[in-house]
Amino acid sequence: MCMIKRILTIDGGGIKGVFPASFLTHIEEKIDGRVSEYFDLIVGTSTGGIIALGLGLGFSAKDTLGFYKEHGPVIFGGNGMLKRLRSLFYAKYDQRALRSALESTFGDKKLGNSSVRLVIPSLNLDTGGVYIHKTAHHERFRTDYKRDAVDVALSTSAAPTYFPAHLMPSGSPLVDGGIWANNPVGLAVVEAIGVLGWPASDIKVLSIGCTSEPIGTGGTARTSLGLSYWGIRVIDLFMHAQDSASLGTAAVLTSHEQITRIDPLVSPRKYKLDSYKAIPSLEGLGESCARDRFPHIKEFFVEKAEPFVPNYKLTN
């Protein structure tokens, strides 16, 4: 029996989710079976949450890549000038295209249909508190597994300014989990140790980003400038800080050697969160990165994980 507990985490990043989807697709071509069969826990935020849901619900990595290629241009399409004008007062995109794409993909599947433990973060706008969807992998988790996968996907990917908040059936307005856990590796390790009770020494994590950029704050000469300079850059700064904190948390709880991070550095502004025209480039980057990194991560795919047996199961 396999004693090592393997965790897969996937960052948020809008259309840049094409990169991890492509990376995993080309890894899947080199292994026996689907990626999801080799992990004991999968944690994904925003676009990474959609990929995590797809993997958990039995889709291949190639299927998740196909989702972006087929639906990305529709979800993020439209007149550029109209989108810019709309974004001054409303969310840049209507949620209907994303909902339609998710419904045509996931149908009426529930979170509890997942064959692997899943953790999908979002944020509750009413309370300001974190809202984390989880499969029934602990006796306390009696509710989330009954949720529609579409609702879970819409809530974790409702990025402020891009999409409106998603109203759950209960009426709770949820927004993108990337607000607090865009890189969910720290959350994943906390779940593994604190909730699942796995020994820290037995954990191995494969953490996949959606590409990163140099922070580019301009050094000490820029630290006294105001809103005109920091308006956009401060968001990038927050995201870099969050990423560093999440990785640091995971490393302290386990060790640096137990975490493998895949997140290629690209030139500033090379890929926007909603630039569907970048899909071919991101797909190619994923393939190239998988080719280069597979020899270093093949240990994750030697032995399949033990079957997940949830504490509670869906009934007809």
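**Exercise 1. Determine whether Lys-5 is buried or exposed, and which side chain of opposite charge is nearest.**

*Solution.* In this predicted model, Lys-5 is buried but forms no salt bridge. The nearest side chain of opposite charge belongs to Asp-40, at 4.3 Å. A salt bridge requires a side-chain nitrogen of Lys or Arg within 4 Å of a carboxyl oxygen, so the 4.3 Å separation from Asp-40 does not qualify.

Next, place the residue: Lys-5 belongs to strand 1, which spans residues 5–10. Finally, list the surroundings. With residues up to four places away in sequence set aside, Lys-5 touches Asp-40, Trp-198, Asp-202, Ile-203, Lys-204 and Glu-306.

**Exercise 2. Identify which residues touch the most other members of the largest nonpolar core.**

*Solution.* The largest nonpolar core holds 56 residues, and Leu-8 and Phe-301 touch the most other members. Take Phe-301 and leave out its neighbours within four places in sequence: the contacts are then Ile-27, Ile-31, Val-35, Tyr-38, Phe-39, Leu-206 and Phe-294. Another core, of 16 residues, lies apart from the largest one; Val-43, Val-189, Ala-251 and Ile-259 are among its members.

**Exercise 3. Explain why helix 8 is largely enclosed by the rest of the structure.**

*Solution.* Begin with the extent of the helix: helix 8 covers residues 185–195, eleven in number. Then identify its buried residues, which are Val-185, Gly-186, Leu-187, Ala-188, Val-189, Glu-191, Ala-192 and Val-195. Because eight of the eleven residues are buried, helix 8 is largely enclosed by the rest of the structure. Val-189, one of these buried residues, also belongs to the core of 16 residues. Just after the helix, Gly-197 adopts a positive phi of about 75°.

**Exercise 4. State how many cavities of 30 Å³ or more a search of the whole structure finds, and which helix supplies the largest share of the lining of the largest cavity.**

*Solution.* The search yields two cavities of 30 Å³ or more. The largest cavity has a volume of about 70 Å³. Its lining consists of Ile-50, Gly-54, Phe-59, Asp-63, Thr-64, Phe-67, Tyr-68, Thr-105 and Phe-106. Assign these to elements: helix 2 (47–56), helix 3 (61–75) and helix 5 (95–106) each supply at least two lining residues. Helix 3 provides the largest share, with four residues.

**Exercise 5. State how many helices and strands the protein has, and what percentage of its residues are buried.**

*Solution.* The protein contains ten helices and eight strands. Of its 316 residues, 53% are buried. Among contacts with a separation of 6 or more, 78% join residues 24 or more positions apart.

Technical notes. Residues are numbered from 1 along each chain as its sequence is written. This is a predicted model: local features need pLDDT of at least 70, side-chain atom pairs count only at pLDDT 80 or more; totals for chains, interfaces and linings use all residues. Side-chain values use heavy atoms; hydrogens and water are left out. Buried means under 20% relative accessible area, exposed over 50%, partly exposed in between (1.4 Å probe, protein chains only). A nonpolar core is a set of buried Ala, Val, Leu, Ile, Met, Phe, Trp, Tyr and Cys residues joined through side-chain atoms within 4.5 Å. Contact means heavy atoms within 4.5 Å. Lys and Arg count as positive and Asp and Glu as negative; His and the chain ends are not counted. On a 1 Å grid over the protein atoms alone, a cavity is a set of points where a 1.4 Å probe fits but cannot get out, and a pocket is an open set with protein on both sides within 12 Å along at least five of seven lines; lining residues have an atom within 4 Å of a point. Grid points are joined across faces, edges and corners, and a volume is the space filled by probe spheres set on the points.
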